[in-house]
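Colleague: Please pick one part of this model and take me through it closely, saying what surrounds it and how it compares with other places in the chain. I am in my first year, so please explain each term when you reach it.

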Amino acid sequence: MPNIRHALSTKREDDFAAWYQEVITAADMAEESGVRGCMVIKPWGYGIWERMQRLLDDRIKAAGIQNAYFPLFIPLANFEREAEHVEGFAKEMAVVTHHRLISDGAGRLIPDPAAKLEEPLVVRPTSETIIGDAMSRWVQSWRDLPLMLNQWANVVRWEMRTRMFLRTSEFLWQEGHTAHADEADAKAETMRALEMYRAFAEEQLAMPVVAGEKPENERFPGAEETWSIEAMMQDGKALQAGTSHYLGTSFAQAANIRYQDREGGQALAHTTSWGVSTRLVGGVIMTHGDNDGLIVPPAIAPHQVVILPMLRDKPEDDALLAYCAELRARLAAQSTLGEAVRVLLDKKPGKAAAKRWDWVRKGAPVIIEVGTRDMDNGVVSMLRRDALWNMETGKPAFQSPTQDEITDSISSLLEELQSTMLTKAKDRRDANITRGITDWAQVEAHFADSKTYPGWVEVEWCKPTGAQLEAVEERLKALKLTLRNVSLDAAPADGACIFTREPAVERIMVARAY
């Protein structure tokens, strides 16, 4: 095995948390903002989020859902109407109490006591209550249903422990909110959204997930059912990558979302909500990154191909730039994954090797270097980001196709790269889900060594509730474990619950999680 000098100073296998932070910095994705728990998302990181947003928005609109926007500030009274909902978010709410600042006479600004709001305003942690208010005005008859809305927005949840993209006090997301005439239609929408997230994660993020129902203790506050997609990161931990909730009629009751049914009576609407956030960017980092930085799946890469002319501040630079511009135009005329190939000609000054490693760390799927010798020979020097190294020599695995060859092959190359990334991540996930565990002692043994990456276990359980479920939570908490979800693809239960020894009714995933 050759000694490879990687682009990052921290290896995944040595310190996964530090490696994650270094990837974000080295890939120039985001930085601390100076406000606790909030980040500045830089152009490359935001470009990845914009691609996610664009692709998911297409899926949302294809389902007949319309985008809207609702206020950032929500009256406290809205939350007080839904006691269970507000209890779930109370500790995370940021509250506005004054509308003006004044000087304290010592050069500092303080809230003006005379400008105290009659009613505090909550900075949006989620929008069920304020959208419910609008729905109560917009829904009058069964003819108004289903009402299907989506919002792209920022939300604030005052987190105690933050980590960029994964858990921040302010983050970006989309939140779908729908109202339906009956339970069956609302539950069908809940499952449609779940499947949309599963397909989006796997087909475009190349991030395999387990789709299933969350247990009672992990439900969204006030929901009757919560469903999630769970992704396995390279350290074996689970990341809840998206959720879809059937809310029943409780939110409709609180917001008075009533309609006249076909018989002329009054009925409560059944509502749903579903969302994903910028934590998906963190999921992509931890699913695909390596010891050289980020690797971006081609479907969400702002630039799928980056061309680097090896400029030397000499007269022949003009000819080299013309050669590269021709190559860029030819590649951009091709299509892949349903869109035109996105190509950047990077003409910034700087040494070619330094620019190459910048793009390696950013994770651009295909990097092409072109020098005057390449130009004279009608070829390019190409690197695939997912196959960066020649494992025999320990040097970058450059290929040297002609202009015609790279033009003809770029579409299939990017599609293969996308497919290969999904297959690699899926194989790793499947190899790290342990089944066949039949008692609690085996779970303890499996997770005993916290320095290893033990992955997930699937266990049988009896779906306990109340005090019995609380006891299960305490046992899990002692090992820093959580219940994830009951996979839609899980085999039927046929044994005893590992927690209570009562007959099991289903199989559930258990893991450490972000």
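Modeller: Two strands are said to pair if DSSP finds at least two bridges between them, and that is the term we need before anything else. Strands themselves are DSSP runs of type E with at least two residues, while helices are runs of H or I with at least four residues, and both are numbered from the N terminus. Please keep in mind that this is a predicted model, in which local features need pLDDT of at least 70 and side-chain atom pairs count only at pLDDT 80 or more, whereas totals for chains, interfaces and linings use all residues. Residues are numbered from 1 along each chain as its sequence is written, and side-chain values use heavy atoms, with hydrogens and water left out.

The part I have chosen is strand 26, which covers residues 456-461. On one side of the pairing, strand 25 (residues 433-434) joins strand 26 through 2 bridges in the parallel sense, and there I433 stands opposite W456. Strand 26 also pairs with strand 29 (residues 506-511), this time in the antiparallel sense and over 5 bridges; within that pairing, V457 has V510 as its bridge partner.

Next, consider how covered the strand is. A residue is called buried under 20% relative accessible area, exposed over 50%, and partly exposed in between, using a 1.4 Å probe and protein chains only. By that rule, 6 of the 6 residues of strand 26 are buried. The side chains of W456, E458 and E460 point one way, those of V457, V459 and W461 point the other way, and both sets are buried.

E458 deserves its own look, because its relative accessibility is 6%, which counts as buried, and yet it takes part in a salt bridge, meaning a side-chain nitrogen of Lys or Arg within 4 Å of a carboxyl oxygen of Asp or Glu. Its partner is R435, with 3.0 Å from N to O. R435 belongs to the loop between strand 25 and helix 13 (440-446), while E458 sits in strand 26, so this pair ties together parts that are 23 residues apart in sequence.

Following the chain out of the strand, we come to K463, in the loop between strand 26 and helix 14 (466-478). Phi of K463 is near 60°, a positive value in a residue that is not glycine. Most residues other than glycine have a negative phi, which gives a reason to pause here. K463 counts as partly exposed because its relative accessible area is 44%. There is a similar case on the way to the antiparallel partner: R501, in the loop between strand 28 (486-487) and strand 29, has a positive phi of about 70° although it is not a glycine. R501 is also partly exposed, at 49% relative accessibility.

For comparison, let us turn to another sheet. It is an open sheet of 4 strands in the order 20-17-21-22, with mixed pairing. Strand 20 (343-345) and strand 22 (381-384) each have a single partner strand and stand at the edges, so one side of each is left without a neighbour in the sheet. Strand 17 (residues 305-309) and strand 20 run parallel and are joined by 3 bridges, and I307 has L345 of strand 20 as its bridge partner.

Here too a salt bridge links a strand to another element. R384 makes one with E416, where the closest N and O atoms are 3.2 Å apart. Since R384 is in strand 22 and E416 is in helix 12, the pair ties together parts 32 residues apart in sequence. R384 forms a further salt bridge with D386, at 2.8 Å between the closest N and O atoms. R384 is buried, with a relative accessible area of 11%, whereas D386 at 23% is partly exposed, as is E416 at 44%. The whole structure holds 32 salt bridges, and some join into a network, as with R51, R54, D58, E339 and R342.
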